[in-house]
Amino acid sequence: MTSDRSTQVRHQRPRFANFPFDPTSLPFFYGTVVLVCGTLGVLASAPGQTVGVSVFTDFLIDAHQLSRSWISFAYLAGTIGSALLISRAGRYYDRFGGRWVSAGSAAMLAIVLTGMSISDEISGAIASIFPSNFRDGVSVVVLTLGFFAMRFFGQGMLTLSSRNMVLEWFEQRRGMALAFIGISIAFGFSITPPFFEWLIQKGGWAWAWQVIAMIVAAFSLVAVCFARARPEQHGMLPDGPFANENRKTHAETLTGRHFTLAEARRTYSFWVFTFSVVLSGLLLTAFSFHVVSIFGDAGMSRSRAVAIFVPAACVSVVVEFVGSWLSDFVKLKYLAMVQSTGSLMLALSLSFLDASLSVVFVVLGMGLMQGMFGIISGVTWPRFFGRMHLGAISGFSTSIVVAGTAVGPYLFSVAHDQVGAYRPATLLCAVAAIVLIAASWRADRPE
């Protein structure tokens, strides 16, 4: 239990809270503005997500004259490095709030993207002071640091702070708020690769990253002006005009207890929900990274492999909308079971992939996993553990998830290198999904 003094400090109004205007002066619930800002923040993290980085991979290979394996290793090392720090950095969210953390993260991401646009020049300048046989090593180190910063500020802090900021402003309508974010992201991330590719074709990969950096920097200014940390700091309540409605519409409601990170980690449900998201992230990243090879082993073309993401995105949008609405009324453990069922479906369909019915189950499995991913990783922590230490708790969980997404592609690669097929890795994921489905039956809200 946290003290009354801690709660008072959390809710007191910090300096510049009303800069450049007081949200209470507006004739509508300001949470809707925060919802838009949070959504834009997650979209602004796209350059640090795998979906955004993958477009530049071949250009980095050519610019740095490295093999694909070394680029992949740099990405793996950078991602794991960022995962190790996200948990600790989540505490900054609890201290400073989503407004300043999201704005600062976006500004840093913009700087990193600018640096990555000249990473070949940076590597060349550093390598010039070493013997020539150090050139590749210098490039790997520079790219590892660049990937670390992109993943930490993009996939990590900017995503975490933007989503959590929205969760602070909605409680009874939290599921619908996440549905808005999820659907926006599904469409936004789907157009990210072609948009980045268009920029590259127009002015080159370095120029494209510089333009993207300016867009991300623009969001940083938007966050400073329009984002707000917590409604209590402005004399408001979560949900605004809906705050006085009957709160028993929830299947799970907080009793007023706010867990610390240490207390949350000691609960059974924390680990069940965390590993449900980890498995989904691992599978999705591994499948996306090796999709052409996986479909090629099954005798299907590159075009068919890439096209699989379109119907899966459509299924994901429907699942996320329905699941977000249901999350306001049903116990979250049932939604976790749906997510793990999607993981099981995808893992088994990939284990026995061919050109017939199994492709349909790939689409359905991906849709279920992607649709539930944002709900389980977003709704669970404030619902189960309160909002007092939301940054620390969600940050710790996110660090584990990020590490899982880094391990996934490597796990699949090892399986394919050792036995010439991905089946050992996919069957291992299927077994893990069955275990999580069974474990979810007891994953109720901690008391």
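Biologist: Are F270 and W381 buried or exposed?

Modeller: F270 is buried, and W381 is buried as well, a word that stands for under 20% relative accessible area, whereas exposed means over 50% and partly exposed lies in between, with a 1.4 Å probe and protein chains only. This is a predicted model, in which local features need a pLDDT of at least 70 and side-chain atom pairs count only at pLDDT 80 or more, while totals for chains, interfaces and linings use all residues. Residues are numbered from 1 along each chain as its sequence is written, and side-chain values use heavy atoms, with hydrogens and water left out.

Biologist: How many aromatic pairs are there, and what makes the pair of F148 and F152 stacked?

Modeller: Rings of Phe, Tyr and Trp (its six-membered ring) pair if their centres lie within 6.5 Å, and the pair is stacked if the planes are under 30 degrees apart, edge-to-face if over 60, and tilted otherwise; the count by this rule is 27 aromatic pairs. For F148 and F152 the centres are 5.9 Å apart and the planes meet at 15°, so the pair falls within the distance limit and under the limit for stacking. F148 and F152 lie four residues apart, about one turn, in helix α8 (residues 135–169), where a helix is a DSSP run of H or I with at least four residues, a strand is a run of E with at least two, and numbering starts at the N terminus.

Biologist: Why is F148 called partly exposed and F152 buried?

Modeller: F148 has a relative accessibility of 23%, and therefore counts as partly exposed, whereas F152, at 11%, is buried.

Biologist: Why is the pair of F270 and W381 called tilted?

Modeller: Their ring centres are 5.2 Å apart and their planes stand at 45°, so the pair is tilted. This pair joins distant parts of the chain, with F270 in helix α12 (residues 268–297) and W381 in helix α16 (residues 358–385), 111 residues apart. Ring pairs also link these two residues into a cluster whose members include F259, W271, F384 and F396.

Biologist: How do you know that R265 lies over the face of F396?

Modeller: A charge sits over a ring if NZ of Lys or CZ of Arg is within 6 Å of the ring centre and within 35 degrees of the ring normal, and R265 is placed over the face of F396 at 4.9 Å from the ring centre. Likewise, the charged end of R442 sits over the ring of Y268, 4.5 Å from its centre.

Biologist: What makes S440 buried, and which residues does S440 touch?

Modeller: S440 has 0% relative accessibility and therefore counts as buried. Leaving aside residues up to four places away in sequence, S440 touches V272, K333, A336 and M337, where contact means heavy atoms within 4.5 Å.

Biologist: Why is Y410 called exposed?

Modeller: Y410 reaches 53% relative accessibility and so counts as exposed; this residue belongs to helix α17 (residues 390–419).

Biologist: How confident is the predictor in the protein?

Modeller: The average pLDDT is 84, and 92% of the residues score at least 70, on a scale of confidence in each residue from 0 to 100. Among the elements, helix α1 (residues 4–11) has the lowest mean, 45, and α18 the highest, 96. Over residues 1–10 the pLDDT is below 50, and this stretch has 13 contacts in the model beyond near neighbours in sequence.
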